[in-house]
Amino acid sequence: MNRFFIDELAGETNNITDKEDIKHISKVLRLDIDDEVEIVDSAKKEYIMKIVDIKNDNICLEKVSSIDIQREDEIKIILYQGIPKGSKLEDICKNATQVGMYELVPVRFKRCVAIDVNDKKIQRLQKIMDESAKQCKRTEIPEIRVPISFDEMMKDLQNNDANILFYEDERNQTIRDFVQKIRDVKDIKSIGIIIGPEGGIDEKELEVMKKINIDILSLGNRILRTEIAPIIAKSILTYELENAGYKI
């Protein structure tokens, strides 16, 4: 069933007013009166609603039932991604959304090959995340922020309750070790995941990160591509957090 987001609390009747959604429903999907759709309201609650009227500027819906499924993680996972070249960032946005990332922050590391992510590209990437969130039935659409520098990232990391850097030369500490470390810590609400670019993390950047409270972890003995690493990292982290009793 197709999913749409509305900017109001669900009532017995609601309206879809977004022009692209109206076009998608009426022209692409060719839905009609009495067809049903899934709706996520401004409180992130899910409902089945029936179409009762279709106009050029409005689609009127009538509530049929509610859906009670926890789809979002208890802990918000923020991805700090070294900007990759080509279309890799598009794949990262799509897949990071599907594995439940809360937010994606492109970072200009020293060894980034490409650093030009303009406003137009950010808008396109956000649209990719919007569509991916609908496809995988999320109740929140993750946000991609404008790119930041390494120094700006270091300041931003202070807003998280914990931070993880995955580094290719780390051999001992794993995600399981990290989760065991934090399981007795109360009120862990956000974790930052740091993934370097194709060229890896510069030694000076690594030294800076070692001086603050960042856990440096291994993702195994093989070198992973920058577009694959965050997906594997998030998947393993989710599994270990679930085993530790967190609601993921």
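1. The protein has seven helices and 12 strands, and the model described here is a predicted one. Taken along the principal axes, its C-alpha atoms fill a box of roughly 60 × 40 × 30 Å. Of the 248 residues in the protein, 47% are buried, and among contacts between residues at least 6 apart in sequence, 74% join residues at least 24 apart.

2. Helix H1, which spans residues 19-28, is a useful place to begin reading the model in detail. Within this helix Asp21, Ile22 and Ile25 are buried, and, seen down the axis of H1, the buried residues fall within an arc of 100°, so they line one face of the helix. As background, an α-helix has 3.6 residues a turn, so residues three or four places apart point the same way. On the other side of H1, the residues Lys19, Glu20, Lys23, Lys27 and Val28 are exposed.

3. What lies over the buried residues of H1? The cover includes four strands, namely E1 (3-5), E2 (13-16), E4 (46-55) and E5 (58-67), together with helix H3 (119-135).

4. Both ends of H1 deserve a look. At the N-terminal end, Asp18 acts as a cap, with a side-chain oxygen lying 3.1 Å from the backbone nitrogen of Glu20, while just after H1 the residue Arg30 takes a positive phi of about 55°.

5. Helix H3 also packs against helix H2 (residues 88-98), at an angle of about 30° and with the two axes 8 Å apart. Angles under 35 degrees count as roughly parallel, and H2 and H3 are therefore roughly parallel to each other; the crossing in which H2 passes H3 is right-handed. The residues that meet are Leu89, Glu90, Cys93, Lys94, Thr97 and Gln98 from H2, and Arg124, Leu125, Ile128, Met129, Ser132, Ala133 and Gln135 from H3.

6. Val105 belongs to strand E7, which covers residues 103-108. Is this residue buried or exposed? Its relative accessibility is 0%, and because buried means under 20% relative accessible area, Val105 counts as buried. Leaving aside residues up to four places away in sequence, Val105 touches Ile78, Leu79, Tyr80, Gln81, Arg145 and Ile148. Leu125, one of the H3 residues that meet H2, stands 20 residues from Val105 along the chain, and the C-alpha atoms of Val105 and Leu125 are separated by 12 Å.

How values were computed: Residues are numbered from 1 along each chain as its sequence is written. This is a predicted model: local features need pLDDT of at least 70, side-chain atom pairs count only at pLDDT 80 or more; totals for chains, interfaces and linings use all residues. Side-chain values use heavy atoms; hydrogens and water are left out. Buried means under 20% relative accessible area, exposed over 50%, partly exposed in between (1.4 Å probe, protein chains only). Helices (H or I, at least four residues) and strands (E, at least two) are DSSP runs, numbered from the N terminus. The arc is that of the directions from the helix axis to the C-beta atoms. Contact means heavy atoms within 4.5 Å. A polar contact is a pair of N or O atoms within 3.5 Å; within protein, one must be able to donate a hydrogen and the other to accept it, and residues adjacent in sequence count only if both atoms are side-chain atoms. Axes are lines fitted to C-alpha atoms, for helices over the stretch in contact, and angles run from 0 to 180 degrees between N-to-C directions. Angles under 35 degrees count as roughly parallel, over 145 as roughly antiparallel, 65 to 115 as roughly perpendicular and the rest as oblique. A crossing is left-handed if the near helix is turned anticlockwise from the far one by less than a right angle, and right-handed if clockwise.
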